[in-house]
Amino acid sequence: MCEICRRGFLGGMAAVGTAGVIPVAFAQGTSDTRFERPAITLPQRGEFVVTNAYVITMDPQLGDIPNGSVHVRNGAIVAVGASVEAPGVQVIDGRSRIVLPGLIDTHWHMWHTLFRGMSGDKREDGFFPTVTRFSGAMTAKDMYASTRLAAVEGLNAGITSIHSWCHNIRSRAHAEADIRAINDTGLRGRWSFGQAIDQSAEQTIRLADMEALHKDWGAYSNEGLLSLGMAWRGIYRGNAYLPTEVYKTEFDTARRLGLPITVHIGTVKTATVGHIEGHAKQNLLGPDVNIVHGCSASAAEIQMVKDSGASMSILPETEMRGGWGFPLIGEFMSAGVPVGLGVDTSALGGDVNLFAVLKFAMAIENVRAGSEFKLTARRALELVTIDAARIVGTDKQVGSLVPGKRADLILVATDHLNMAVESDPVHLVVESTQPANVDTVVVDGRILKRSGKLTHIQPTEVVDEARVALADVRKRANWR
Ligand SMILES: [Zn+2]
């Protein structure tokens, strides 16, 4: 172990106060990137009842329940209602609190987080050159530090489910480190295996590693909280094609393994043929395909997406910050295409705040419609709860607060300055909530944030680890 790794390793041990080593996830890393890390013990799934809260269930039958209760036992919701009997269990006082399903992100390059604020003001310092420049200097340990910073920031901000679009897989250890960072935080979601960002167009992604992870996924899934997918490059690089045997081999491998596929399409504006159309014509869309962006989609292409059964992840904040195109949220929604949102990348979007992304979505839809009423707050909230769950395949487990589902929920405080005075709870969630108002976060019945503080993670330790990692990466990249 190098000295820097050792320092990070020991720092992690001291901060979380745990012992032992998990060998499984890191056993097959390449020699230059392998590192070990102490096991982190997540809080136990207990039994508790949230009482006297305003409960937004996001379920059409149950609706909203003012002065409601939610009873959780062993990771599952056992009762939701105005009067819930749960004698003798831990009580979480829900007065001045809104309870709602945890937020679900559908697209996030979590490994970018070290580079927050570094997309500069000149072309050579822009987003793509910046993340590409540093990607090759990242070890597995740096991947862990960056993705863990993302995961913990997201958890603190009310995100209970992520979709890590991991495309800096330079070794199996890089992949395993990214997975481990999510699992150590306790989040639910999907982890999608991609390329190394600067990978040659002539090579496929590390398909043998992807197959190996798939075969052993039980050792990586954190008791089923995390599922595996493939982050695909698609058929284009700019306006040119990747070699057919490369993109077909990648696509066919994912299909053979039964892995859901996610692909960036539709930010190139100079294409002679629409890029969605290009994929549709080769029969490379389907219900197992999630398309990211779609800003350049024509009406005909939107219909092609609908006909294929594919879903969309639209990222209003970064698509506009990057100047990539206008988010077509309403167009895809009104065509009947499943739509989810995402934070995408902190290297461009800055902080991790799905509440803010919701505000972007509402503002975009309303200004284009010339109407205050185009996208309602409640419809917007569906995009980061039950609709997003459908996109990542977890709607039977989470996305709404219904007895029998797993307990992923958050409490938002309404007695803070920016939330006062209590009025319409759904509008307050979408228009006023900030991460600091997230009082409690529960994932799979584990209380991971309570009374505004994370229960099993020291934020200072996470930030310190990321700071060391960025300094190391900059040094290795020989960057000023
Ligand atoms: Zn992306």
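**Close-up 1. Trp479 and its ring partners in the predicted model.** Trp479 sits half in, half out: at a relative accessible area of 24%, Trp479 counts as partly exposed, and the model it belongs to is a predicted one. Phe134, by contrast, is buried, with a relative accessibility of 0%. How do the rings of Phe134 and Trp479 meet, stacked or edge-to-face? Their centres are 5.9 Å apart and their planes stand at 90°, so this is an edge-to-face pair. The pair ties together distant parts of the chain, with Phe134 in helix H2 and Trp479 in the segment after H16, 345 residues apart.

**Close-up 2. Phe115 and Phe134, a stacked pair.** The structure holds 9 aromatic pairs. One of them joins Phe115 to Phe134, and here the rings are stacked, at 5.2 Å centre to centre with 10° between the planes. Phe115 comes from the loop between strand E6 (103-104) and helix H2 (127-135), while Phe134 belongs to helix H2 itself, and the two are 19 residues apart. Both Phe115 and Phe134 are buried. Put the ring pairs together and Phe115, Phe134 and Trp479 form a cluster.

**Close-up 3. Helix H16, with one face covered.** Helix H16 runs over residues 459-476, 18 residues in all, and spans 26 Å from first C-alpha to last, close to the 26 Å expected at 1.5 Å a residue. Its buried residues are Glu461, Val462, Glu465, Ala466, Ala469, Leu470, Asp472 and Val473. Why do the buried residues of H16 line one face of the helix? Looking down the axis of H16, you find them within an arc of 170°, so they share one face. The other side of H16 is where Thr460, Arg467 and Lys475 are exposed. Just after H16, have a look at Asn478, which takes a positive phi of about 55°.

**Close-up 4. Three histidines at the zinc ion.** Which residues are the protein donors of the zinc ion? They are His107, His109 and His264, each through its NE2 atom, at 2.0 to 2.2 Å from the zinc ion. Along the sequence, the spacing of these donor residues reads H-x1-H-x154-H. His107 and His109 are both buried.

**Close-up 5. Gln195 and the company around it.** Gln195 is part of the loop between strand E8 (188-193) and helix H5 (207-215). Although it is a loop residue, Gln195 has a relative accessible area of 8%, under the 20% cut-off, and so counts as buried. Who touches Gln195? Setting aside neighbours within four places in sequence, the contacts of Gln195 are Trp165, Cys166, His167, Asn168, Ile169, Ile205, Ala231 and Arg233.

**Close-up 6. The open sheet, and the E8-E9 pairing inside it.** Here 8 strands make an open sheet with parallel pairing, in the order E6-E7-E8-E9-E12-E13-E14-E15. Which strands lie at the edges? They are E6 and strand E15 (339-341), each of which pairs on one side only. Further in, E8 runs parallel to strand E9 (residues 226-232), and 5 bridges join the two. To find your way along this pairing, start from Gly189, which stands opposite Leu226 in E9.

**Close-up 7. Strand E5 and its two partners, E1 and E16.** How many residues of strand E5 (residues 97-101) are buried? The count is 5 of 5. With strand E1 (residues 47-56), E5 pairs in the parallel sense over 2 bridges, and Tyr54 stands opposite Ile98 in E5. With strand E16 (residues 409-413), E5 pairs in the antiparallel sense over 5 bridges. A handy landmark for the E5-E16 pairing is Arg97, standing opposite Ala413 in E16.

**Close-up 8. Ser83, an exposed loop residue.** Ser83 lies in the loop between strand E3 (76-81) and strand E4 (90-93). Is Ser83 buried or exposed? Its relative accessible area is 66%, so Ser83 counts as exposed. Ser69 is also worth showing in this view: the C-alpha atoms of Ser83 and Ser69 are separated by 6.8 Å, with the two residues 14 apart along the chain.

Note on methods. Residues numbered from 1 in each chain as written. Predicted model: local features only at pLDDT ≥ 70, side-chain atom pairs only at ≥ 80, totals over all residues. Heavy atoms only, no water. Helix = DSSP H or I, 4+ residues; strand = E, 2+ residues; numbered from the N terminus. Expected span 1.5 Å × (residues − 1). Buried < 20%, exposed > 50% of the residue type's maximum accessible area, 1.4 Å probe, protein only. Arc of directions from axis to C-beta. Donors = N, O, S within 2.8 Å, 3.2 Å for Na, K, Ca; no water. Contact = heavy atoms within 4.5 Å. Pairing = 2+ DSSP bridges. Phe/Tyr/Trp six-rings, centres within 6.5 Å; stacked < 30°, edge-to-face > 60°.
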